[in-house]
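This briefing sets out how selected helices pack and how the chains meet. The structure is shown first, and the points follow by topic.

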Amino acid sequence: MALDIKPTRSELINLKRRIKQTSSGYNLLKMKRDGLFHEFRTLLSEMISAREELVGTYRDALQAISLASSIEGGLSVKSAAIAASKRPEVSVSKRNIMGVVVPKVDGQNLKLSTEDRGLGLIGGSPYIDEAADSYSLLIEKVVKAAEMEATLKRLLEEIEATKRRVNALEFKVIPEMKEAQTFIQLRLEEMEREETFRLKRFKNK
Amino acid sequence: MEIAVVGPLEFTLGFQLAGVKNLYNPSSDEELSELLKSLLNQSEIGVVVVDNKDLNKLSDRLRLQLTESVTPTVLGIGTEEDNTLRESIKSALGVDLWK
């Protein structure tokens, strides 16, 4: 470390104050990191189950739509798809987890009722209805999974940044300041000894 | 905000049945990446659903860009699990927590 510090008492006092400040900041950041990590772990287990559900629902939906197209024919499935009148929408609001702003996704009209599908009660077919239902369910799961995935990504970024900061303070900033403090202390002691010795020499003459 | 679905016709059909109107059927890989890039900049899209098979075709750079984007959130679905989030957790925390 480059010791370009002036070995003076005022510098020492300043340094002591800064070390104290930095240590308290370091402790706070460490707590933030642990808190974020805790939050992340709870969300992650939810995310894993949401993902599994999503894959399961997707498989079911695929099966339902293949069944519908093989029984009713691809064309009628397509025409049923065009008829749907309402569209599912999502609204994204913000939520705060320990200072990290994460999106909260809510869905509207995710599940279409039979009337909203625009086919009427006679025009539809149970297979197509079933396929549409399972895809509506899939969209619900997609919205949930999307929210969780975005949240986890944001948390992950924040954890990484906080971890870097904590490590920089612990292994670089604080040790360097402590080193400077010892240097000043030793130098001041040395100067004191020199002073006493000088006085002694002066007295002897 | 709306949901957008990107993929081959058979992939988007089911979503159309459930009422989604923003459907995109790119015919080539270049078209797919151009389309996803433009979707990233659209403010009225909240969630983009992509087939996992299509996601795997993209360049690493674009894939990273897509996984990092929050609004819109890009979600790949498929019959197999995808490991992009798992990998990013591993690299950020140093531990594989996905268990």
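**Helix packing and chain contact**

The axes of helix α1 (residues 9-72) of chain A and helix α5 (residues 84-93) of chain B come within 14 Å and cross at roughly 160°. Angles over 145 degrees count as roughly antiparallel, so α1(A) is roughly antiparallel to α5(B). The model is a predicted one.

**Across the chains: α1(A) with α5(B)**

- The two helices, α1(A) and α5(B), make a left-handed crossing.
- On the chain A side, α1(A) brings A:Phe37, A:Phe40, A:Leu44 and A:Met47 to the contact.
- From chain B, α5(B) supplies B:Leu85, B:Ile89 and B:Leu93.
- The residues of this contact between α1(A) and α5(B) comprise 7 nonpolar, no polar and no charged.

**The interface of chain A and chain B as a whole**

- Chain A puts 50 residues into the contact, and chain B puts in 40 residues.
- About 4,100 Å² is buried between chain A and chain B, and carbon and sulfur atoms give 71% of that area.
- Within chain A, the residues that lose the most area to chain B are A:Arg51, A:Tyr58 and A:Lys153, which together account for 15% of what that side buries.
- Between chain A and chain B, the count of salt bridges is 0.

**Within chain A: α1(A) with α2(A)**

- The axes of α1(A) and helix α2 (residues 74-83) of chain A come within 6 Å and cross at roughly 120°.
- An angle of roughly 120° lies outside the 65 to 115 degrees that count as roughly perpendicular and is not over 145, and α1(A) and α2(A) are therefore oblique to each other.
- The contact involves A:Ile65, A:Ala68, A:Ser69 and A:Glu72 from α1(A), met by A:Gly74, A:Ser76 and A:Val77 from α2(A).
- By residue class, the contact of α1(A) with α2(A) holds 3 nonpolar, 3 polar and 1 charged.

**Within chain B: α2(B) with α4(B)**

- Helix α2 (residues 29-40) and helix α4 (residues 60-68) of chain B have axes that come within 11 Å and cross at roughly 30°.
- Because angles under 35 degrees count as roughly parallel, α2(B) and α4(B) are described as roughly parallel to each other.
- The crossing of α2(B) past α4(B) is left-handed.
- B:Ser33, B:Leu36, B:Lys37 and B:Leu40 of α2(B) make the contact with B:Leu62, B:Gln65 and B:Leu66 of α4(B).
- The contact of α2(B) with α4(B) divides into 4 nonpolar, 2 polar and 1 charged residues.

Technical notes:
Residues numbered from 1 in each chain as written. Chains lettered and ligands numbered in written order. Predicted model: local features only at pLDDT ≥ 70, side-chain atom pairs only at ≥ 80, totals over all residues. Heavy atoms only, no water. Axes fitted to C-alpha atoms, helices over the stretch in contact; angles between N-to-C directions. Helix = DSSP H or I, 4+ residues; strand = E, 2+ residues; numbered from the N terminus. Left-handed = near helix turned anticlockwise from the far one by under 90°. Contact = heavy atoms within 4.5 Å. Nonpolar A, V, L, I, M, F, W, Y, C, P; charged D, E, K, R; others polar. Buried area = accessible area lost by both parts, 1.4 Å probe. Salt bridge = Lys/Arg side-chain N within 4 Å of Asp/Glu carboxyl O.
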